[in-house]
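User: Hi! Could you help me look through this structure? I have a few quick questions.
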Amino acid sequence: MKFTRRLAAALLATGLGFFAPRTAAAQHETAADLLDGERAFKNTCANCHGPDGDVIPGIDLGRGRFRRPMTDDDLVRIIRTGIPNTPMPASQMTVEQAQKIVAYLRSRAATARGSVAAGDPLRGKAVFDKGTCASCHRVGGAGSRVGPDLTDVGSRRSARELELALTDPAADVAPGNRTYRVVLKDGTTVTGRLLGHDTFSVQLLDTTEQLRSFAKADLRELGFVATPMPSYRTSMTPQEMADVVSYLASLRGQ
Amino acid sequence: MRHALRLVVVLALVAPLAAQQVTFERILHGDREPQNWLSYSGTLMNQRFSPLTQITAANVKNLQQQWVWQARSLEKFEATPLVVDGVMYTVQAPNDVVALDAVSGRVFWTYAYTPAPEGRPCCGRVNRGVAILGDTLYMGTIDARLIAIDAKSGKPLWNTVVAKASDRYSITSSPTIVKDKVIIGTGGGDGPIRGFISAFDAKTGKEVWRFNTIPGPGEPGHDTWSGDSWKTGGVGVWNAGAYDPEANLVYFGTGNPAPDWDGRNRLGDNLYSDSVLALDADTGALKWHYQFTPHDELDYDSTQVPLLADVQWQGRPRKVMLWANRNGVMYALDRVTGEFLKGKPFVKTNWLDGFDAKGRPHQVKFPSPEGTLVHPHVHGGINWAPPAFSPRTGLFYVASWENSGIIAVTGQFPRVMSSNAQQTAMGQTNLVPFYNDDTEPFGVVRAYDPQTLDKVWEFKMSDITWGGTLVTAGDVVFSGGREGYFLALDAKTGKLLWRASVGGQVNAGAMSYSVNGKQYVAIAAGNALFAYALP
């Protein structure tokens, strides 16, 4: 989080707008909210902004880049009321709908682009396959579903973002990928990826890849836990890191 | 790194649990795990019979709503959900797959698919549910694709073009799994398509075999189409099939020939329209067929799900297929040989006056320039809704409706007329019955004796029904209709035992499952899915 703030400050200083840091309220976004936001974005915004939100010069919605700095509230207001004397029209959306679009854009934005060392994707694949990556991650139908599916990660994340995920994995975890732990009254502990939660229940994909739902009344403890993804900052050489990033960037779906 | 290693150890320890995949053996013997519902009608015999016994005719009056899941869709909700070990899978029309907790109705994940704009089926942007094999769900889409989706994560695995949506093909049915194949046909037969049934490799999505429902030049049956009419003769396949493992035959019903109400340019029987096809499940080769309505000009699709049952027939056990057809006639066929055993109207029917020795109907009503009153009308005695059969009561349960209409051919364009003159039959907004006097139409749930095809009991509703029927080992029949009631009837007598007002049309078949020893009954109605259980 500190890193993100520093980066945001740096970007603001260079004249680029950036999303405000994530607030506690954002913890309530679930994968379903992001899906709603994505769908609304594609149905409504993408007509002018393009599927990646980068068609209009000077604006790159998918990477949090605007003509001037924007808070979440600014964005919600603009989505709803438009910008006078520009092609950006008002919409019929509720605040909640607009917030979901902002949440979706934020989930894409993460951090900004940056330069990374050149790597060799084939060597990177060898490092990936030899290591324990597939015990949590899935590529093209092989590997575990517990961590984020990387099959098309190269089309969703920049090389800079991928490198950050390897060196400082806790810095930016997408809402749909957060790790959650519940302890049942009998002491049984279940950990997994949080899929949904509400006042009375919690839904996880647990570490055995089972879809599980729990009544909060049956739980002794519950809450987010740190990502199980370790940092590879020191356990990989810079060249290995560059190679793995290069491999991940080459994953564009099937 | 240490953490990752620990995770590997954990995964290794629990691997046997995680590996509980839905094998084809499990699907084939779905009745051995009554807590689950692994295919569209429960098993591949399509009996829509739940062996669960917690809910009975004696206690069903105590059923309480457990949860409601609201679809974010205003399309008609026709899907039957699947349940696998406490996880429910359904389709939010047109083509979003949703995984729910079967106990609470809360969502695990949604796979959102936006069909191409040219995917415009004739009669509603609907879907009747997914199929599962292994860890993979399969869905047909209204833009005529077949999509494989990871059942744990909701991620798409492959997406195969079954047919061109721009050529008016669409898919609304639940796929049928046989061994390592996903078998499906397409809708669109009210337009100028040439229908087919295809089998796809479940792992790769590659087509393995295809059976054209209209024979091409040189193939048997091609001469049942005059001129070039075979090229655009329709014959879609828009409902799930059945499978008999001993015969290794997969059975599908086929749709009407096109154009629907004017047969003048497609003279002949128009094989294999309005038929049941028995295909070799490995090769797609035709083993036998029976045509319910030769040279159909009344839109009598025969796409109802084939129901397989083993019953006593004239004093000896026989493997039969029971079929309540849109043409108003109920049939018993030998499902191994295709032999016609018996046919008898199950609603008021006037278009035929009997059969020849081989079961070919003798048709006596035809469209005419001045208009011909026909029973049943275009909607049929039943449309597509799934029936049920109980091995306990030995009865065949069908939700149907009585109706009639006047079919006229004038000039080049056929007209359909009735006193309330609605032209669009099947879409969401114009779902109205045709009728010609005040005694019709009405919806009705009836039980039939498969040996005689005689009615044993009936439960009449004021309005018509597009709902299916479910029967359970607790001897309860669940059904519903357009009035927005979900009903529980005594499977032996038809007596109303319980009802819930669900506030929207019941346009689907119910199903039953259990989790942690508690039996549930689920039904889609309006734009929501409801689950009931005992307190």
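User: How many residues sit between β9(B) and β10(B) in their hairpin?
Analyst: Five residues lie between β9(B) and β10(B) in that hairpin. Within the turn, B:G154 has a positive phi of about 80 degrees. Keep in mind that this is a predicted model.

User: Thanks! How many bridges hold that pair, and in which sense do the strands run?
Analyst: There are five bridges between β9(B) and β10(B), residues 156-161, and the pairing is antiparallel. One example is B:A148, whose bridge partner in β10(B) is B:W158.

User: And what about β8(B) and β9(B), how are they connected?
Analyst: They form a hairpin too, with four residues between them. Here B:A144 in the turn has a positive phi of about 60 degrees. β8(B), residues 136-140, runs antiparallel to β9(B) and is joined to β9(B) by five bridges. B:L137 is opposite B:I149 of β9(B).

User: Is β9(B) buried or exposed?
Analyst: Buried: six of the six residues in β9(B), 145-150, are buried, so the strand is largely enclosed by the rest of the structure.

User: Which side chains point which way?
Analyst: B:R145, B:I147 and B:I149 point one way, while B:L146, B:A148 and B:D150 point the other way. That fits the general pattern: side chains in a regular strand alternate between the two faces of the sheet.

User: Switching to chain A, what is its secondary structure?
Analyst: Chain A has eight helices and seven strands. Of its 254 residues, 36% are buried.

User: And what share of its contacts is long-range, say 24 or more positions apart?
Analyst: That share is 63%, counting contacts in chain A with a separation of 6 or more.

Notes:
Residues numbered from 1 in each chain as written. Chains lettered and ligands numbered in written order. Predicted model: local features only at pLDDT ≥ 70, side-chain atom pairs only at ≥ 80, totals over all residues. Buried ≥ 20, exposed ≤ 12 C-beta atoms within 10 Å, placed from the backbone. Helix = DSSP H or I, 4+ residues; strand = E, 2+ residues; numbered from the N terminus. Pairing = 2+ DSSP bridges. Contact = placed C-beta atoms within 7 Å.
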